[in-house]
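Me: Could you pick a single part of this structure and give me a close look at it? Please tell me how its surroundings fit in too, and keep it friendly, since I'm a first-year.

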Amino acid sequence: MTKAGLVHHALFYGSDYEYVIGIENFLEGDGYDGPALVAVPTANLELLRDYFDGDSPNVRFTDMARLGGNPGRIIPAVRGFVEEHAGESVRFVGEPVWAGRSLAEIDEATRHEALLNLAFADSGAKILCPYDTKRLDPDVLADAAHTHPEIVTRERRAASPDFADPVEFRDAERWPLLARPAATARLDFADLATPRLLVRRHSQTAGLDDDRAAALLLAANEICTNTLQHGGGRGTLRIWQTATHLVCEVHDTGTISDPLAGSRRPHEEAGRGLYAAHHLCDLVQIRSTSSGTTVRLHAARRP
Amino acid sequence: MYPPDMSAAMGELARIEPLPEGAGLRIAGEIDLANHDRLRQALARLPAGGDVHLDLSGLHFIDVAGAAELVDFANGPPPRIVLLHSPPPQLGRIVDLLWPELEWGAN
């Protein structure tokens, strides 16, 4: 079996009918009945489960709101599925962008879409990403045309003329983080015990449950550890609350040059911290340039 | 959940003490970048052979690399059976996340 290249289509759908038939064609096209992973938001998951009604034993359905609540967890999950079916071609339906997600989440999901082109470049996998043209913002759809080499609509499948180089598209300068509030807690740190004190204090006042508080503490500690080891030995930690989340931001003068950092399950020490952070937080945002790195960790206050 | 510890103020985040008769270690306080080496050395000094008990009832924090020290020790060589007593919940979470194939349980 040849394993080369990657198929990565956006499915632009405007109705349940277009959604179901587009996914059916993708999953079962060319007589395919091999392994497939389908991760879509809750409501669409119910629609697909009812439609396929358990008669597709090789298709695994899962809720994208859980699997990809933080889009940084999607690539490791798909990699796991690919490894589980080593030697076979696999298909993946992933819908990480849906109406109602926060701006920060949509930004990260969009950057994740660009990263898929790098992560699975030579895997032989076929990936379909549905986009709801009725409910998503036109800018979001325009970005989907930048991150997918081909676009499927009800009428046709065609190369996307707007497809962009994934590394350039993800460039940190093009994805500014939302402005911080004027007042944040701030700590310049060169150790780890002091940052942990600050995170603990604010987790408590923000009303995080014990599980999330412990997870955020661990994630923040890992990011601050990276600062001490690779980011110039000192950094700045800022913490603030939004209506929905507690946000910890770590800034240092290091540079993360690998765009896939944190999206592989690490088999050795390097990369464990970012990978863990992605799985411990509700959203992780990383912006790294030659002059410094900023990592934002978000923990939901009311899950 | 977090009793502040005066030893932290003195730069001593973790206390790592041998259990009686070389049965293992009591690890208390907070394990992070500042004391991974001390943890590794304490584990390496344990007598060869036999099960190892780690009393973690006073452990308030352990980071990913700290957990890796415990996992590496258990994996060997030589492989050891390591019994964790009262581990903090975050340790189980780290192990499940990064070493999902590892068989482990806690007392």
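Reply: Let's begin with one term: a residue is buried when its relative accessible area is under 20%, exposed when it is over 50%, and partly exposed in between. Take Asp30(A) as a test case: its relative accessibility is 77%, so it counts as exposed. Keep in mind throughout that this is a predicted model.

Now for the part I'd like to zoom in on: helix H10 of chain A, which runs over residues 272–280. Is H10(A) mostly covered or mostly open? Mostly covered, as eight of its nine residues are buried. Those buried residues start with Arg272(A), Gly273(A), Leu274(A) and Tyr275(A), and the list goes on with Ala276(A), Ala277(A), His278(A) and Leu280(A). It helps to recall that an α-helix has 3.6 residues a turn, so residues three or four places apart point the same way.

What does the covering? On the chain A side, it includes helices H4 (74–84) and H9 (210–230), plus strands E11 (283–289) and E12 (292–300). Chain B joins in as well, with its own helix H3 (64–75) and helix H4 (89–98) among the cover. Watch the labels here: there is an H4 in chain A and an H4 in chain B, and both help to cover H10(A).

That brings us to where the two chains meet. 19 residues of chain B are in contact with 21 residues of chain A. Together the chains bury about 1,800 Å² between them, and 64% of that is on carbon and sulfur atoms. Which three residues give the most on the chain B side? Leu33(B), Arg93(B) and Leu97(B), which supply 31% of the area that chain B buries against chain A.

Step back and look at chain A, the home of H10. Chain A has ten helices and twelve strands. Its radius of gyration is 20 Å, close to the 19 Å that the globule rule gives for 303 residues, so chain A is as compact as a globular protein of that length. Buried residues make up 56% of chain A. If you take the contacts in chain A between residues at least 6 apart in sequence, 70% join residues at least 24 apart.

Chain B has four helices and five strands, following the order α-β-β-α-β-β-α-β-α along the sequence. Of its 107 residues, 44% are buried.

A few backbone oddities round off the tour. As a rule, most residues other than glycine have a negative phi, and most peptide bonds are trans. Asp30(A), our exposed test case, has a phi near 55° and sits in the loop between helix H1 (16–28) and strand E2 (36–40) of chain A. Ser86(B) also has a positive phi, about 50°, and lies in the loop between E5 and H4 of chain B. With a relative accessible area of 42%, Ser86(B) is partly exposed. As for peptide bonds, the one joining Gly76(B) and Pro77(B) is cis, with omega about 15°. The bond from Pro77(B) to Pro78(B) is cis too, with omega near -10°. You'll find Pro77(B) in the loop between H3 and strand E5 (82–85) of chain B, and that H3 is one of the helices covering our H10(A).

Notes. Residues are numbered from 1 along each chain as its sequence is written. Chains are lettered from A and ligands numbered from 1 in the order in which they are written. This is a predicted model: local features need pLDDT of at least 70, side-chain atom pairs count only at pLDDT 80 or more; totals for chains, interfaces and linings use all residues. Side-chain values use heavy atoms; hydrogens and water are left out. Buried means under 20% relative accessible area, exposed over 50%, partly exposed in between (1.4 Å probe, protein chains only). Helices (H or I, at least four residues) and strands (E, at least two) are DSSP runs, numbered from the N terminus. Contact means heavy atoms within 4.5 Å. The radius of gyration is taken over C-alpha atoms; the globule rule is 2.2 Å times the number of residues to the power 0.38. Buried area is the accessible area (1.4 Å probe) that two parts lose on being put together, summed over both.
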